[in-house]
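Q: I am new to this structure and would like a close look at one small part, with its surroundings explained afterwards. Please go slowly.
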Amino acid sequence: MSAEKLEKIFLSLTIFMLIVFLGALFWASFGLGMHLPDRVGQIDPTQVRTTAPFDNPGVFRVGENEYEVVALGFAWAFQPREIRVPAGAKVTFIATALDVIHGFHVEGTKVNFMMIPGQIARVEAVFARPGEHLLICHEYCGAGHHLMYGTVIVEEADWTPEDPDAPDEEPDTPPVAPDATPDGEVGA
Amino acid sequence: MRTPVVANPAGFVLPDSHRRAILCMIVLSFAALFIGVVNGLGQALNYARVDILQYFPGMRTYYQGLTVHGVVNAIVFTFAFAAGFLSLTTSRALGRLVNDKLLWTIFGTMVLGVLLAGYAIVTGQGSVLYTFYPPLMAHWSFYLGLALLVVSTWITAAALMITLLGWRKDNPGVRIPLMAFISVATYAMWTLASVGIAVSVVGLLIPWSMGLISHSDPLLSRTLFWYSGHPIVYFWLLPAYVSWYTMVPKHAGGLLFSDSLTRVVFIMFLLLSIPTGFHHQYTDPGITVGMKALHAGLTFGIFFPSMVTAFSVMFALEIGGRRRGGTGLVNWFAKLDWGNPALVAQILAMLTFTLGGITGLINASYSMNMSIHNTAWVPGHFHMTVGSAVTMSFMGIAFWLVPYLTRRDLVGRGLALASQWVYFIGVLVMARGLISGGVDGMPRRTNMLEAAYGKPSWELAGMLTGLGGTLMFIGGMLFFAVFAATLFFGRKGGAPTDVPFTVTATPPETRGWQVKLDSFRWWMLAAVVLILIAYGPFLVQYLPASFMSPGYRFY
Ligand code: HEM
Ligand SMILES: [Cu+2]
Ligand SMILES: [Cu+2]
C-alpha cells in the first residue's frame with residue numbers, strides 16, 4: 001500500500017475517533033447532565049460576609065430531599081468545615097472566596113471547582129453512597145495552603161439533620177487564619 | 001524529486017558572533033533547566049514524605065521552590081532554547097543570517113528578565129507560582145521580569161520576520177524553505193498568543209503591584225493568563241516538532257513525508273492553539289457552559305495536527321529502519337540507530353508524548369476533567385509532555401547543537417545515551433505515581449509532607465513519585481555532565497559542520513493552492529477571527545472589569 005493511502009486511512013480514523021470522543025463528551029454533559037459551573041453571579045469580594053447568602057454559611061435543608069451548602073473559602077479554611085448530607089439527596093453548593101483564589105474538591109467525587117474572589121460558584125451533586133470524603137483546597141493559596149481542608153460526610157439515605165433550620169455551629173474565625181491584612185503586608 | 005527543507009544545501013557558514021550569541025542562549029536555557037531539575041527532585045521527594053528542601057540554601061517554603069521550578073522550566077528554559085534554536089533554523093534554512101545585534105538584544109533582555117524575577121523569588125517576595133494568579137501579589141520585579149521574558153520573544157519574532165521578509169524580497173516567487181516556514185510559524189503563533197499575558201502583566205499586575213492601582217480582577221487576569229497559557233504549551237512543543245519534522249528523519253536515515261502537510265500542521269497550530277484556553281477553566285465560575293463547550297470542541301480539533309505529526313514521524317523512522325535492514329511489521333524499529341543519542345532522546349520523547357497526548361485528551365473531556373482537575377494527575381500529564389517530550393527533544397538536539405556551536409566533539413556518548421534512558425524510565429514512574437494519586441484525589445501544588453490531611457492510599461503514589469523523580473534527577477545530572485564536558489573539554493575538530501536537515505518525499509509545489517500556504521498575513525488574520533469568536537462573547541458578557549480584589553501576600 002502506498003504511503004499516501006495509508007495516510008488517508010490513518011487520518012480518517014483520527015477524525016472518526018475525535019468525533020466519537022466529542023460526541024461522548026457532549027452526550028455526557030447534555031444527556032447525562034454532568035454540569036460544569038456556569039456563570040451565575042458576581043459579588044464584591046470585600047463584602048462577602050455581609051451579603052446574602054454568604055452572611056450565613058452552612059448546610060441547609062431546603063426541600064424534601066434537597067440541601068443547599070453555602071460555603072466560603074479563605075486563607076486557610078473552609079466554612080463550614082464539616083458538611084453532612086444524606087446519600088441520594090440533591091445537594092447544591094453555593095460558594096465563593098473571601099481573599100485569594102481557592103479550590104473546592106470533594107475528593108472521590110466530581111464536585112470540583114474553583115473559588116474565585118468576585119465570582120459565585122453554583123454546583124449541583126448527588127452523593128450516591130454513604131461515606132466520608134476529604135474536602136481539599138487544591139489551588140495554591142499561600143503558605144498554609146496544605147492546611148486548608150474540610151470533610152464531607154455522606155450519611156445514610158434516611159438521615160435528616162436534627163434541627164433542619166439551624167446550620168451547623170461554626171466558629172467565625174478559623175484557628176489557622178493568617179495574621180494578614182489586605183494590600184500586601186503580612187503582619188508580624 | 002527529493003527537495004531539501006533548506007534553500008541552499010551546501011556552503012552555509014555561521015559566523016562567530018552568531019555562534020556565540022546562540023550558544024549563550026542555549027547555555028542560559030540549560031542552566032535554567034539545571035536549577036529546575038534540582039528543585040524538581042525536592043518536590044518529588046516531598047510527595048514521598050522525604051524532606052530535602054530544608055537543605056536547599058535560602059529556601060523558605062515548598063512553594064518558593066515550586067515557583068522556581070515552574071518559572072525556570074516552563075518559561076526560561078523553553079523561551080531561551082526556542083530563541084536560540086529557531087534563530088539558527090531560520091538562518092540556516094534561508095541561507096540568510098538573523099541580525100546578530102538583535103540576537104544579543106534577545107539574550108540581554110532574557111538575562112535582565114531572569115534577574116528581576118529571580119530577585120523577587122529568591123528574596124521570598126514572589127512565591128506566587130508560575131501562574132501568578134491575583135489577588136496573590138508578588139513584588140513588582142517579579143512581574144516586570146516576566147514581562148521582559150515575553151518581550152524577548154517578541155524581539156525574536158521580529159528578528160525572524162525581518163529575515164524572512166528580506167529573503168522574500170530577494171527571492172520573489174520562490175517557496176519559503178520548509179524549515180524556515182515552520183520556525184517562523186511558531187513565533188507567529190506565539191506573538192498572537194502572548195497578547196493575553198502581556199495585557200494582564202503590563203496593564204494590570206505591574207501597576208497593581210506598584211500600588212498605582214489598588215485592586216485586581218481575579219477572573220479577568222486568570223482568563224488572560226490562560227488565553228496565553230494554553231498556546232504556550234505549543235510554543236514549548238513546536239521547536240521540538242521543527243526537529244521531529246526536519247531533523248529526526250535525517251538522524252534516522254529516512255525522509256520527510258510531505259512538504260505541504262507539514263505546513264498545514266503548523267498552520268493548524270497557528271489557528272487553533274489560542275481559541276482553546278477555557279479548557280483550563282472548565283471548573284471556573286463566571287464563564288458560561290456554552291463558551292466552555294465551544295473551547296472543548298476546538299481543543300479536540302488541535303489534537304488532529306499532532307496525529308498528523310505522529311504519522312509523518314513514523315513514516316520517517318520506518319523508512320530509516322528499513323534502509324538499515326529492518327524487515328517485517330516492527331523489526332524496523334529495532335534496527336534504528338540506537339547508538340545515536342540525538343535520535344534516541346527524540347524517539348523516547350515521542351513515546352512519552354504518546355502518553356502525554358492520551359492523558360491530555362482526557363483532560364480536555366470536561367466530564368472527566370471534573371474528577372482530576374488540579375489533582376496530582378495534572379503534573380503527571382504534563383511531565384509526559386513538556387517535562388519529557390519537549391525536554392528530552394531539546395536535550396537530544398543539544399547533543400549535536402552544542403558540538404556544532406562550539407566546534408567541539410560530543411564527550412561521553414555512552415553517558416549521553418544512558419541519561420536519556422534513565423530520564424525516560426524516571427518520568428514514566430513519576431507520572432504513574434502522580435496520575436494514580438490524582439485519580440485518588442491527591443492534590444497538586446501541595447506541600448504533602450506538612451499537609452494537615454491525607455489518605456493511606458496516597459502513600460504508594462507518593463513513593464512512586466519520589467522514586468521516578470529521583471531517576472529523572474539522575475538522568476538529568478548525567479545529561480548536564482555530558483553538556484558541560486562537551487562545552488569545556490570537547491576535542492576540537494570532530495564536530496558536525498552543518499545543521500542536520502532532511503529532504504522531503506513530495507516537494508513543495510510552485511503552482512496552485514499550495515503556494516498560498518505561505519502567506520502568513522492571511523493565516524494571522526484568520527487566527528484573529530477565530531480568537532474573536534472564541535473570546536468575544538465572553539468579553540462582551542464580562543466587561544467592564546470589576547477591580548475589587550486588594551492584593552494579598554500570604555506567603
Ligand atoms: C528531575 C526532573 C523533574 C522532576 C523530579 C519534577 C517534579 C515535579 C513535581 C513532583 C511537580 C509537582 C509539584 C506540585 O504540584 O506540588 C512538578 C511540577 C511542575 N513541573 Fe516538574 N519535574 C521535573 C522536571 C520538569 C521539567 C523538565 C519541566 C518543564 C520543562 C517541568 C515543569 C513543571 C511545571 C510547569 C510544574 C508545575 C508547577 C506549578 O504547579 O506551579 N518539570 N515537577
Ligand atoms: Cu489552597
Ligand atoms: Cu491547555
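Which residue of strand 7 of chain A is the bridge partner of A:His102?

A: The bridge partner of A:His102 in strand 7 of chain A is A:Met115. Before going on, please note that this is a predicted model, in which local features need pLDDT of at least 70 and side-chain atom pairs count only at pLDDT 80 or more, while totals for chains, interfaces and linings use all residues. Residues are numbered from 1 along each chain as its sequence is written, and chains are lettered from A and ligands numbered from 1 in the order in which they are written.

Strand 6 of chain A covers residues 102–106 and strand 7 of chain A covers residues 112–115; the two run antiparallel and are joined by four bridges. Strands here are DSSP runs of E with at least two residues, helices are runs of H or I with at least four, and both are numbered from the N terminus; two strands pair if DSSP finds at least two bridges between them. Five residues lie between strand 6 and strand 7 of chain A in their hairpin, and there A:Gly108 takes a positive phi near 85°.

On its other pairing, strand 6 of chain A runs antiparallel to strand 9 of chain A, with two bridges joining them, and A:Val106 stands opposite A:Leu135 of strand 9. These strands belong to an open sheet of five strands in chain A, whose order is 4-10-9-6-7 and whose pairing is mixed. Strand 7 and strand 4 (82–86) of chain A are the edge strands, each pairing on one side only.

The hairpin strands also appear where the chains meet, for 58 residues of chain A are in contact with 58 residues of chain B. The elements that give two or more residues to the side of chain A that touches chain B are strand 6, strand 7, strand 9 (131–136) and helix 1 (3–31) of chain A. Of these, helix 1 of chain A gives the most, with eleven residues. Two residues count as in contact if their C-beta atoms, placed from the backbone, lie within 7 Å.

Elsewhere in chain A, strand 5 (residues 90–97) runs antiparallel to strand 8, and six bridges join the two; within this pairing A:Phe93 stands opposite A:Val123 of strand 8. Along strand 8 of chain A, residues 121–126, the side chains alternate, with A:Ala121, A:Val123 and A:Ala125 pointing to one face and buried, whereas A:Arg122, A:Glu124 and A:Val126 point to the other face and are not buried. A residue is buried if 20 or more other C-beta atoms lie within 10 Å of its own, exposed if 12 or fewer, and partly exposed in between, with C-beta atoms placed from the backbone.

Chain B, across the interface, has a secondary structure of 19 helices and three strands. Its C-alpha trace spans about 65 × 50 × 45 Å along the principal axes of chain B, and 61% of the 555 residues of chain B count as buried. Among contacts in chain B between residues at least 6 apart in sequence, 86% join residues at least 24 apart.

The three strands of chain B form an open sheet in the order 1-3-2, with mixed pairing. Strand 1 (3–4) and strand 2 (256–258) of chain B stand at the edges with a single partner strand each, so one side of each has no neighbour in the sheet. Strand 1 of chain B runs antiparallel to strand 3 (residues 503–506) of chain B, joined by two bridges, and B:Thr3 has B:Thr504 as its bridge partner in strand 3. Helix 10 (residues 259–272) of chain B packs on this sheet and touches strand 1, strand 2 and strand 3 of chain B.

A single residue of chain B can be followed in the same way: B:Ser209 lies in helix 6 (residues 195–209) of chain B and is buried, with 26 other C-beta atoms within 10 Å. Leaving aside neighbours within four places in sequence, B:Ser209 is in contact with B:Met137, B:Ala138, B:His139, B:Trp140 and B:Tyr143. B:Phe142 is 67 residues from B:Ser209 in sequence but 9.5 Å away in space, C-alpha to C-alpha.

Finally, ligand 1 is surrounded by 28 residues, the closest being B:Gly40, B:Asn73, B:Arg444, B:Gly469 and B:Met472; a residue is near a molecule if its C-beta atom, placed from the backbone, lies within 6 Å of it. Helix 1 (16–47), helix 2 (62–94), helix 16 (386–406) and helix 18 (458–489) of chain B are the elements that give two or more residues to this shell, and helix 1 of chain B gives the most, with seven.

Note on methods
Axes are lines fitted to C-alpha atoms, for helices over the stretch in contact, and angles run from 0 to 180 degrees between N-to-C directions.
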